[in-house]
Amino acid sequence: MSNQYDIIVVGGGHAGCEAALAAARMGCKTLLFNINLDSIALMSCNPAIGGLAKGQLVKEIDALGGEMGKIADKTAVHFRLLNASKGPAVQSSRVQCDKQLYRLAMKTVVEKEPRLHLKQALVDRLVIEDGRICGVEDQTGVFYAGKAVVITTGTFLNGLIHIGTVHYPAGRAGEIASVSLAESLKSLGFDMGRMKTGTPPRLRASTIDFSKMERQDSDPAPEPFSFSTVKLREERLPSYFAATTQETHKLIGDNIRLSPLYSGVIKGVSARYCPSLEDKVMRFTDKSKHPVVLEFEGLETEEIYAKGLGNSMPPYLQEQIVHSVPGLEQAEIMRPAYAIEYDFVQPTQLRLTLETKLVAGLYLAGQINGTSGYEEAAGQGLWAGINAACAVQGRPPFILDRADAYMGVMIDDLVTKGVDEPYRMFTSRAEYRLILREDNAVIRLMGKGHDLSLIAPDQYSIYQDKFRRIEAGIRRLSEKKIYPVAATNKTLEELGTTPIKNPLTLFQLLKREEVSYDDLKVFESWEPIDDPMVKRQIEIEAKYEGYIKRQHEAVQKMKELEKKKIPPHMDYAGIPGLSNELKAKLARIEPATIGQAERIPGMTQAAVMTILIAMKKMELEAQAAKKEI
């Protein structure tokens, strides 16, 4: 009886922690497996959370009741708002964290969560009965029963590390790979492939000459990721910028045969947007240098993360490459760079809930779905954990669409389009990014988190009051008009904005770039607002009203297509007029709606119309059959 659980989560990385916490907080008896409990939520690569488009994901995770933003705030030592000079749609937060503090803080949270149990074990096999998951078996042969299982194996699934001509099985440096579980998945018939990623060397800070580099300090007044964070830690660490040299490039070019990436040893697909140093040197021959960013891995460690120096060359060459960078002439490598290959499951084999189509009750999240990055993994983990809990409890599935959240964009991309390289979130992937901003994540999603019992009622009540204040502020400004009289125009000139010729509301005046909410205090009916969030939302809604309105109109058109549900197990092979290629894609992906079908690569409007006609024909035939009965 002690080995029976509602939900079992395999893997304690960023995806696994969010999945397990969500399931337990929703009331499910949950078991979280990790090969080593000391490496729960370990940052295998960059000691940072957030970044372009990734910051939006972290804010959304937090608004739904996830943990990543809270832990990032507790352990952050460097804060940056990226694209601060641009519009709010593309602004993203990024923080450097103390790597070990992050791991320990998350470990504390999962250990203290009621209904969440932890086991240090290597899961070897999935146990299936009649097409449904019923549990897992560990390396020692012990069986654990579960009504649903979430797999979040990261790079551990048949992982293989490469350093020069040497390669060996590992999930990451110093930890064993999960080989038998990969075989278990393959034996079930999943379409699987290989991905490749890597990590740069870690250098000893006391051996670096930082005076030769450009220093970047943290933003002076950062905003936290989490709505629940009251105070950020005061300790701060800088970052440093350097660059490779012609000597660096010559070392790589002369020895490229020793790189497993170029010798043909590595078969996995790497990401175009995050190339290794070998890739950058060989592909961009016109570039005389490439950026190198040095980031501290923590407050109490000498280790420096050397972003931009990731490679898979032999150790002796890595040392020469590092020493060729100004400021790193004497730098000591504490941990070498390496490349790692691992198995993934093509995500078109998943439903929008991240449940596999092949095995009921089995969910996949994170790098096993072909993605890259802590934030993408955490978002999927939260999504899968919520949906596993909903299924166990007999609740409707939790689905966000492309107009609801960046998470919705990511999941739809994965299950509809699949991947041919590690998937990373970009703002350009979100066609409705103006209404999917970092700053309004709580407005968009906190209600859903509350409905799932992941947001406490008292927290939600506080933010409901904020939401009401935003609406009231917009309404008040929209009702108050000013007129083109001399006194008003003189006031406007004093504010540094042009006089008016026609009456307009204060809300319309706030649309002007040079006018802030507090500038309006010179007019009657203005009311002071002490909450920065409320004030900022009113300003954004005013300044971007036209663009936001157009995006909402586009969303409505998309929603109409999403309303057109495609019958499950539609016989696409029997629909005349569809190409064989589209028939195969439709049968494999099984789109839930016409909107999803429309987003399948290669889909045409003619093919969409053909499906709609076939659906109408099915509907008429069903009606005729009912009449005969």
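A residue is taken as buried when its relative accessible area is under 20%, and by this criterion strand 17, which spans residues 303-307 of this predicted model, is mostly covered, since four of its five residues are buried.

Strand 17 has pairing partners in two other strands. With strand 13, formed by residues 202-204, strand 17 pairs in the antiparallel sense over three bridges, and within this pairing Arg204 has Glu303 of strand 17 as its bridge partner. With strand 16, formed by residues 291-296, the sense is likewise antiparallel and the pairing runs over four bridges; here Leu294 is matched with Ala306 of strand 17 as its bridge partner. Strand 16 and strand 17 together form a hairpin, in which six residues lie between the two strands.

The nonpolar interior was examined next. The largest nonpolar core comprises 135 residues, and among these Ile49 and Tyr102 touch the most other members. Helix 10, which covers residues 374-392, contributes the largest share of this core, amounting to ten residues. Apart from this core lies another one of 28 residues, including Tyr240, Leu251, Val292 and Leu328.

The surroundings of Ile49 can be described residue by residue. When residues up to four places away in sequence are not counted, Ile49 touches Met43, Val58, Met68 and Ala72, and also Ser93, Arg94, Val95, Cys97 and Tyr102, together with Phe225, Tyr374 and Glu375. Tyr102 thus appears both as a contact of Ile49 and as the residue named alongside Ile49 for touching the most other members of the largest core.

Key: Residues numbered from 1 in each chain as written. Predicted model: local features only at pLDDT ≥ 70, side-chain atom pairs only at ≥ 80, totals over all residues. Heavy atoms only, no water. Core = buried A, V, L, I, M, F, W, Y, C linked by side-chain atoms within 4.5 Å. Buried < 20%, exposed > 50% of the residue type's maximum accessible area, 1.4 Å probe, protein only. Contact = heavy atoms within 4.5 Å. Pairing = 2+ DSSP bridges.
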